[in-house]
2 protein chains.
Amino acid sequence: MRDVAVIGVGITKFGELWDVSFREMIIEAGARAIEDAKIDGKQLDAMYVGNMSSGQFIRQEHTGALIADHAGLVPIPSTRVEGACASGGLALRQAVITVASGIHDFVVAAGIEKMTDVLSGVAMGALATAADQEWEVYVGATFPGLYALMARRHMYEFGTTEEQMAMVAVKNHQNACFNPCAQYHMKVTVDAVLNSPPVTLPLKLLDCSPITDGAACVILAPAEKARKFNDTPILITGTGQASDSISLHSRPSLTSLRATTEAAKAAYKMAGVGPDDIDLAEVHDCFTIAELMAIEDLGFCKKGEGGKVTQEGETAIGGRIPINTSGGLKGKGHPVGATGIAQAVEIVQQLRGEAGKRQVDGAEIGLAHNVGGSGGTAVVHVFKRGD
Amino acid sequence: MRDVAVIGVGITKFGELWDVSFREMIIEAGARAIEDAKIDGKQLDAMYVGNMSSGQFIRQEHTGALIADHAGLVPIPSTRVEGACASGGLALRQAVITVASGIHDFVVAAGIEKMTDVLSGVAMGALATAADQEWEVYVGATFPGLYALMARRHMYEFGTTEEQMAMVAVKNHQNACFNPCAQYHMKVTVDAVLNSPPVTLPLKLLDCSPITDGAACVILAPAEKARKFNDTPILITGTGQASDSISLHSRPSLTSLRATTEAAKAAYKMAGVGPDDIDLAEVHDCFTIAELMAIEDLGFCKKGEGGKVTQEGETAIGGRIPINTSGGLKGKGHPVGATGIAQAVEIVQQLRGEAGKRQVDGAEIGLAHNVGGSGGTAVVHVFKRGD
């Protein structure tokens, strides 16, 4: 397998983009990535598009070809991949495998979701199709409900508090204030989170990531060709993906995602690193409890101590292991198919030293962690600044 | 890149399977493929699932993980890929690339669609999301309508007749009678096709492929390990994929699919063969006109002569280049996400000499051609019997 590098990244503003269509969003992100890579669009060989549910959100499947066409890239192969909210991460992984295989050189991994053009009930219904319809959704489960079960169990097993969960939101909203593309530029306090309207207790409104429109792109190249385009190519040294039951009740534990631990194991092994080598990470904080579980499952702290290390500031910018410097799903927004690619954009910008006021000093190795549903799919990538 | 071989295939009965659920279908196809490959399921490393629109058909996205779980394969990576009716072919291509890359050895490519559990109007609406919603569907285009435009133009440019199109249906229904998994075991005559109810003229009911439930699986392995499992491994020597505008009106020609010609060019080049080397092919006959265009675009006859060579029996079993020996989408049925994998199953069975009454004598090289929408995506694979 060939080594793979990122040579360009691009991202749209995340938010309620009522004046921008699905196809306009991807062009915006793609054009920025092409400009960033200083590559001619004609050199691009293939594209993967992470997109969860355009069939339900905008009544449009076949978005791989749609996007290739609208970007002026036909006849290159363009393939949509889907794994619920992990769709972006899966698109990145397919692009990595494709470049590594040698079949194509310059491959785009794009992620996109247009979620706010439908009523919120329709959006919630579409998102619920990431859970097990027959065994969960038909009997009334919602995503906040599933994550609330995990939160309650985490509180019971480890003494995690609602205040500690709230601190995830406080930190990520703080980070988002320094991210121009974030949906929210609005600080929140622990009290504000605790007093926000209940969604599914113990999760309140400000424990939940929002409904968001947005798109992001990265352009990959074989590492040996990367420096022609970019003085600071970022290598993708590890990729890992794993599956689990998409129904929560089928799993032995409610406080750990097996898909995350298995995907991380594979990615760490391929990259030849461990959690202690990681300088910063973007993790899948669809709910505040999810970030606590993620940093435990990824090995950044012991199981059950996610709340404690968050409270002690270890995951803040300047702390031991900064988490979600972009603002995360919570503060930056969560256009589900775009999220995995947006995480990659943040890690690349950090490792290049281009993250502005949210820069982690001296970051050399970063990790992105993207989850589908309540943990049926997880995908982990390890990034390293090229020498 | 490593050479890739098929070591096992499995398929369900195609049809209106009201007594079998989505997850039951894939288990049936998968178990048969595992039995055929004589492999232990624990050896499988990864899975790709071709599935067009489960979100709309059964209100379930995230079907990669769902299927891995239900098949007892977690925690292996399992990824859904979508390119409308080419979803199965795209899943096969991703599996080929993944094995070729060296990241995984034993990879399942599955295809599935459950289409008959909804009202036919809902099914037609879901299928229409493969076309361009903003530019085609909202103004009234349907798939039969789009293909009818192609048929009219083909008749105008080349003198193709409705009788010649009908002969595609006659041949494919005849072939389907010898295929135990086919939806229809029912011969039709040219008169029956011509007198069947109009759908969008010149296309009548019997020019159109049906709505179908079904699933299919193939198991791939590195060629050097394939013979441990199977005395007759079938090599996949070429894979090609291309994109085009998903809206028909954006293209310079209505009588040729650029995605097909480009995908074929790539697949032929990789395999080191040309159309004259192909002994039989499964092509994407979603409508009878589509088969005529496909055999022209794939180079099996000159442009415009698809009707003529069909009329002269060149595409029948025993003819110069047998097309759709399985019965094709027309006779075997068209569960959209499964079709690309089902085509691969047929080619493998033919090259092994296991196709029973529909066997093409001495077949050594076969081709599968899978199209998404009205030609926004096409994917072509070349298969060769191992020595």
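Copies are superposed by least squares on the C-alpha atoms of residues with pLDDT of at least 70 in both. Two copies of a chain are related by a rotation about an axis and a shift along it. In this predicted model, a turn of 180 degrees and a shift of 0.0 Å along the axis lay chain B on chain A with an RMSD of 0.0 Å. The two copies are thus related as by a two-fold rotation axis. The copies also use the same surface to meet, as 100% of the contact residues of chain B turn up again in chain A.

So what does that meeting surface look like? On each side, the count is 51: that many residues of chain B are in contact with 51 residues of chain A. Several elements of chain B chip in with at least two residues each, namely helix H2 (54-57), helix H3 (63-70), strand E3 (78-82), helix H4 (87-101), strand E8 (234-243) and helix H10 (258-271). H4(B) gives the largest share of this side, with six residues. Sorted by class, the side of chain B that touches chain A holds 22 polar, 20 nonpolar and nine charged residues.

Two of these elements meet their own counterparts across the interface. Take the strands to begin with: E3(A), residues 78-82, pairs with E3(B) in the antiparallel sense, over three bridges. One residue pair shows how this works, with A:Glu82 having B:Arg80 of E3(B) as its bridge partner.

Next come the helices. Two packed helices are described by the angle between their axes and the distance between the axes. For H4(A), residues 87-101, and H4(B), the angle is about 55 degrees and the axes are 8 Å apart. Angles from 65 to 115 degrees would count as roughly perpendicular and those under 35 as roughly parallel, and H4(A) and H4(B) are therefore oblique to each other. The crossing of H4(A) past H4(B) is left-handed. On the chain A side, the contact is made by A:Gln94, A:Ile97, A:Thr98, A:Ala100 and A:Ser101, and H4(B) brings B:Gln94, B:Ile97, B:Thr98, B:Ala100 and B:Ser101. This helix contact has no charged residues at all; six are polar and four are nonpolar.

Chain B also has a helix pair of its own to look at. Helix H7 (residues 162-176) and helix H11 (residues 288-297) of chain B pack with their axes 8 Å apart, at an angle of about 95 degrees. That makes H7(B) roughly perpendicular to H11(B). H7(B) contributes B:Met165, B:Ala166, B:Val168 and B:Ala169 to the contact, while H11(B) contributes B:Thr288, B:Ile289, B:Glu291 and B:Leu292. Six of the residues in this contact are nonpolar, with one polar and one charged.

Last, a few backbone oddities in chain A. Most residues other than glycine have a negative phi, and most peptide bonds are trans. The bond joining A:Val74 and A:Pro75 is cis, with omega about 15 degrees, and A:Pro75 sits in the loop between helix H3 (63-70) and E3 of chain A. A cis bond also runs from A:Leu201 to A:Pro202, with omega near 15 degrees. A:Pro202 is in the loop between strand E5 (198-200) and strand E6 (203-204) of chain A. As for phi, A:Asn324 is not a glycine, yet its phi is positive, at about 55 degrees. The loop between helix H12 (306-311) and helix H13 (328-332) of chain A is where A:Asn324 is found.

Conventions:
Residues are numbered from 1 along each chain as its sequence is written. Chains are lettered from A and ligands numbered from 1 in the order in which they are written. This is a predicted model: local features need pLDDT of at least 70, side-chain atom pairs count only at pLDDT 80 or more; totals for chains, interfaces and linings use all residues. Two residues are in contact if their C-beta atoms, placed from the backbone, lie within 7 Å. Helices (H or I, at least four residues) and strands (E, at least two) are DSSP runs, numbered from the N terminus. Ala, Val, Leu, Ile, Met, Phe, Trp, Tyr, Cys and Pro count as nonpolar, Asp, Glu, Lys and Arg as charged, and the others, Gly among them, as polar. Two strands pair if DSSP finds at least two bridges between them. Axes are lines fitted to C-alpha atoms, for helices over the stretch in contact, and angles run from 0 to 180 degrees between N-to-C directions. Angles under 35 degrees count as roughly parallel, over 145 as roughly antiparallel, 65 to 115 as roughly perpendicular and the rest as oblique. A crossing is left-handed if the near helix is turned anticlockwise from the far one by less than a right angle, and right-handed if clockwise.
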